[in-house]
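Q: Please take a close look at the salt bridges of this predicted model. I should like a connected account of which residues pair and how accessible the partners are.

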Amino acid sequence: MDFELTREQRMIRDTVRDFAEAEIAPHASEWDKTEHFAHDVFAKMGELGFLGIPFPEEYGGSGGDMVSYCLAVEEVGRACGGTGLSFEAHVSLACTPIFLYGTEEQKQQYLVPLASGKELGSFGLTEPGAGSDAGGTRTTAVADGDEWVITGTKIFNTNGGVASTVVLTAVTDPVNRGISAFIVPTDTPGFSVSKAYDKLGMRASNTVELILDGVRVPKENLLGPLNAGFKQFLTTLDGGRVAISGLAIGIARAAFETALNYAKTRVQFGQSISKFQAIQHKLADMAMHIDLAQNAMLKAAWLCDNGKPYSLEASYSKLFSSEMCTRTCEQAVQILGGYGYMREYSVERNYRDAKLIEIGEGTSEVQRLVIARQLGC
């Protein structure tokens with residue numbers, strides 16, 4: 001086993017880390033307070049090639065791999081959870097299905113501007129009556145001549161209010177519950193979005209409801225084979241679960257680093273609290289769990305890069321890292337005590353951001369179901 005990163009992987013990680021520390025971290029608290037989506041920062045990320053790391057250069061990408069991309073998500077998430085979430089959703093959920101299932105024409109028209117960072121993308125799967133049960137989709141797409149007419153509502157859409165392109169699912173065969181995927185430009189007549197949700201955390205990430213009122217798209221905007229959308233998005237979510245593990249690890253690292261530094265300087269009973277065994281045990285567990293989560297993420301990403309099955313490992317990684325992140329942030333708040341509850345320190349924001357990762361891209365309950373099925377249960 002070789003756990004060394006390649007020179008290119010280290011370079012991408014370090015470049016993203018330097019950018020995140022300089023351009024994102026100093027503003028994360030303010031963006032959280034004001035629910036500000038940093039358009040200018042995403043423009044810079046696009047110029048630097050971050051928004052297309054795992055895609056070939058001929059499609060606007062940087063020609064990197066899944067490992068490099070996950071490391072980049074980790075570094076952005078360490079600086080700001082909300083910014084990391086929008087980064088991950090753009091790449092994993094909007095760009096990836098077009099790359100995997102799009103025609104050459106679709107890739108040139110839609111993937112190139114997304115992967116090159118000239119535009120942002122979103123992903124529409126969840127509906128008021130279709131959450132973990134994505135098969136309960138009610139949005140419909142009906143063929144009408146050379147067009148598809150799409151009607152329905154999608155909720156909890158990351159980047160939905162700032163995207164130029166949305167990839168979404170709709171029922172195309174009601175009798176057999178056939179679901180297909182479509183590419184929908186957001187400037188299409190009949191397409192609108194709600195006011196951004198007022199969220200507990202990830203407040204620097206734009207999240208809206210999508211409303212499709214007889215939206216017409218060309219027949220060519222069907223993504224992949226007819227009625228294959230459900231299977232396509234299961235595959236898409238496997239990759240997304242590995243990447244969002246990086247986001248969880250980044251947020252956990254930020255909370256841990258704050259807690260460790262605080263423990264070394266906070267004096268009680270004549271010595272720093274890092275000298276007390278109760279605090280040492282918390283910090284030891286936090287460090288251990290972060291390291292194990294990183295190993296799980298990198299294993300799943302390596303399997304993906306090498307064309308091996310990784311659905312089980314993706315769920316392992318997502319489940320462990322997301323719950324680890326919440327637990328680590330909670331313990332960081334505890335170590336800081338009263339200060340941990342105040343906005344003066346970033347751990348309270350880390351704690352609020354963390355919870356979403358146990359819910360989005362497959363809840364912890366769904367991950368356990370996926371794992372159990374892989375075990376033959």
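**Salt bridges and their surroundings**

A: A salt bridge joins arginine 203 to aspartate 198, with 2.9 Å between the closest N and O atoms. The two partners differ in their exposure to solvent: arginine 203 has a relative accessible area of 14% and is buried, whereas aspartate 198, at 64% relative accessibility, counts as exposed. The cut-offs behind these words are under 20% for buried and over 50% for exposed.

This pair belongs to a wider set, for the count of salt bridges in the predicted model comes to 19. Another of them is formed by glutamate 75 and arginine 253, whose closest N and O atoms are 3.0 Å apart. Glutamate 75 is located in helix H4 (residues 66–79) and arginine 253 in helix H7 (residues 229–265), so this salt bridge ties together parts that lie 178 residues apart in sequence. Glutamate 75 is buried, at a relative accessible area of 2%. Arginine 253 is likewise buried, at 11%.

Arginine 253 also forms a salt bridge with glutamate 257, and here the closest N and O atoms are 3.8 Å apart. That distance falls within the 4 Å allowed for a salt bridge. Glutamate 257 and arginine 253 are four residues apart in helix H7, and about one helical turn therefore separates them. Glutamate 257 counts as partly exposed, with 27% relative accessibility, while its partner arginine 253 is buried.

Arginine 253 thus has both glutamate 75 and glutamate 257 as salt-bridge partners. These residues are part of a network of salt bridges that links Arg17, Glu21, Glu74, Glu75, Arg78, Arg253 and Glu257.

A helix contact elsewhere in the model may be set beside these charged pairs. Helix H5 (residues 81–101) packs with helix H6 (residues 104–115) at an angle of about 155°, and their axes are 10 Å apart. Angles over 145 degrees count as roughly antiparallel, and H5 and H6 are therefore roughly antiparallel to each other. The crossing of H5 past H6 is left-handed. On the H5 side the contact involves His90, Cys95, Ile98, Phe99 and Tyr101, which meet Gln106, Lys107, Tyr110, Leu111, Leu114 and Ala115 of H6. Of the residues in this contact, eight are nonpolar, two are polar and one is charged.

Technical notes. Residues numbered from 1 in each chain as written. Predicted model: local features only at pLDDT ≥ 70, side-chain atom pairs only at ≥ 80, totals over all residues. Heavy atoms only, no water. Axes fitted to C-alpha atoms, helices over the stretch in contact; angles between N-to-C directions. Helix = DSSP H or I, 4+ residues; strand = E, 2+ residues; numbered from the N terminus. Parallel < 35°, antiparallel > 145°, perpendicular 65-115°, else oblique. Left-handed = near helix turned anticlockwise from the far one by under 90°. Contact = heavy atoms within 4.5 Å. Nonpolar A, V, L, I, M, F, W, Y, C, P; charged D, E, K, R; others polar. Salt bridge = Lys/Arg side-chain N within 4 Å of Asp/Glu carboxyl O. Buried < 20%, exposed > 50% of the residue type's maximum accessible area, 1.4 Å probe, protein only.
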